[in-house]
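Visitor: Before we begin, I should like each term to be justified as it is used. Please show me the model.

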Amino acid sequence: MGSDGEAEKSQRKEKERKKMLALAPIAKPLAAKRLCKKTLKLVRKAAEHKCLKRGVKEVVKSIRRGHKGLCVIAGNISPIDVITHVPILCEEADIPYIYVPSKEDLATAGATKRPTCCVLVLTNSTKGELDPAEQEKMKVEYSQIVADISELTSSLF
């Protein structure tokens, strides 16, 4: 039984290594394991509360309309030209953004089966009102992740 656990661990490590090899060269700032988990958890909560825009087209449209939030971009997109303009738009609109290693993980967190290039976690709900306690929880998580991202980008540039 111990060998099954070892085989499973090696498979998981191999999968992680393949994810890192598929990363685009512009995928910076890239979320570390812990920050990636926190970010995907926030994306999952945002999807439950309808505070999420999925896909390049929706994200770009929301940014141009002046919506604020956190942009999460997948790092393993091919061809890379699909998402190269998104970080520039985010910087111009003063929206924090972060790359995560896998578009599949991002889609799973965003409650879709189709792999997603990027999502925008909005600061307020687009459809209906949230429970004040839930909204406060999301705001705390959001601000914590934004602080981690700004710390990461400051050390990067």
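Visitor: Which residues of strand 4 point one way, and which the other way?

Guide: In this predicted model, Cys118, Leu120 and Leu122 point one way from strand 4, while Val119 and Val121 point the other way. Both sets are buried.

Visitor: What makes strand 4 mostly covered?

Guide: A residue is called buried when its relative accessible area is under 20%. In strand 4, residues 118–122, 5 of the 5 residues are buried, and the strand is accordingly described as mostly covered.

Visitor: How do you know that strand 1 and strand 4 pair?

Guide: Pairing requires at least two bridges between the strands. Strand 1, residues 52–54, shares 3 bridges with strand 4, in the antiparallel sense. Within strand 4, Val119 is the bridge partner of Arg54.

Visitor: And what makes strand 2 and strand 4 a pair?

Guide: The criterion of at least two bridges applies here as well. Strand 2, residues 69–74, is joined to strand 4 by 5 bridges, again antiparallel. Leu70 has Val121 of strand 4 as its bridge partner.

Visitor: Which elements does the protein contain, and in what order do they run?

Guide: There are 6 helices and 4 strands. Read from the N terminus, the order is α-α-β-α-β-α-β-α-β-α.

Visitor: Why is the protein called as compact as a globular protein of its length?

Guide: The radius of gyration is 16 Å, and the globule rule gives 15 Å for 157 residues; the two values are close, so the protein is as compact as a globular protein of that length. Along the principal axes, the C-alpha atoms fill a box of roughly 50 × 35 × 30 Å. Of the 157 residues, 39% are buried.

Visitor: How many of the contacts join residues at least 24 apart?

Guide: The share is 84%, taken among contacts between residues at least 6 apart in sequence.

Visitor: What belongs to carbon and sulfur atoms on the accessible surface, and how many side chains are positive or negative?

Guide: Carbon and sulfur atoms account for 53% of an accessible surface of about 9600 Å². The protein carries 29 positive and 20 negative side chains, and the centres of these two sets are 4 Å apart.

Visitor: Where are the cis peptide bonds at Pro29 and Pro79?

Guide: One joins Lys28 and Pro29, with omega about 5°. Pro29 belongs to the loop between helix 1 (2–21) and helix 2 (33–48). Another runs from Ser78 to Pro79, with omega near 0°. Pro79 is in the loop between strand 2 and helix 4 (86–92). As a general matter, most peptide bonds are trans.

Visitor: What is the phi of Asp94, and is the residue buried or exposed?

Guide: Phi of Asp94 is near 60°, a positive value in a residue that is not glycine. Most residues other than glycine have a negative phi. Asp94 sits in the loop between helix 4 and strand 3 (97–100). The cut-off for exposed is over 50%; Asp94 has 65% relative accessibility and therefore counts as exposed.

Visitor: Why is Ala111 called exposed?

Guide: The relative accessible area of Ala111 is 60%, and exposed means over 50%; Ala111 is therefore exposed. Ala111 also has a positive phi, about 65°, although it is not a glycine. Its place is the loop between helix 5 (103–109) and strand 4.

Definitions and conventions: Residues are numbered from 1 along each chain as its sequence is written. This is a predicted model: local features need pLDDT of at least 70, side-chain atom pairs count only at pLDDT 80 or more; totals for chains, interfaces and linings use all residues. Side-chain values use heavy atoms; hydrogens and water are left out. Buried means under 20% relative accessible area, exposed over 50%, partly exposed in between (1.4 Å probe, protein chains only). Helices (H or I, at least four residues) and strands (E, at least two) are DSSP runs, numbered from the N terminus. The radius of gyration is taken over C-alpha atoms; the globule rule is 2.2 Å times the number of residues to the power 0.38. Contact means heavy atoms within 4.5 Å. Accessible areas come from the Shrake-Rupley method with a 1.4 Å probe; for residues, only the protein chains shown count as cover. Lys and Arg count as positive and Asp and Glu as negative; His and the chain ends are not counted. The place of a charge is taken as NZ of Lys, CZ of Arg, CG of Asp or CD of Glu.
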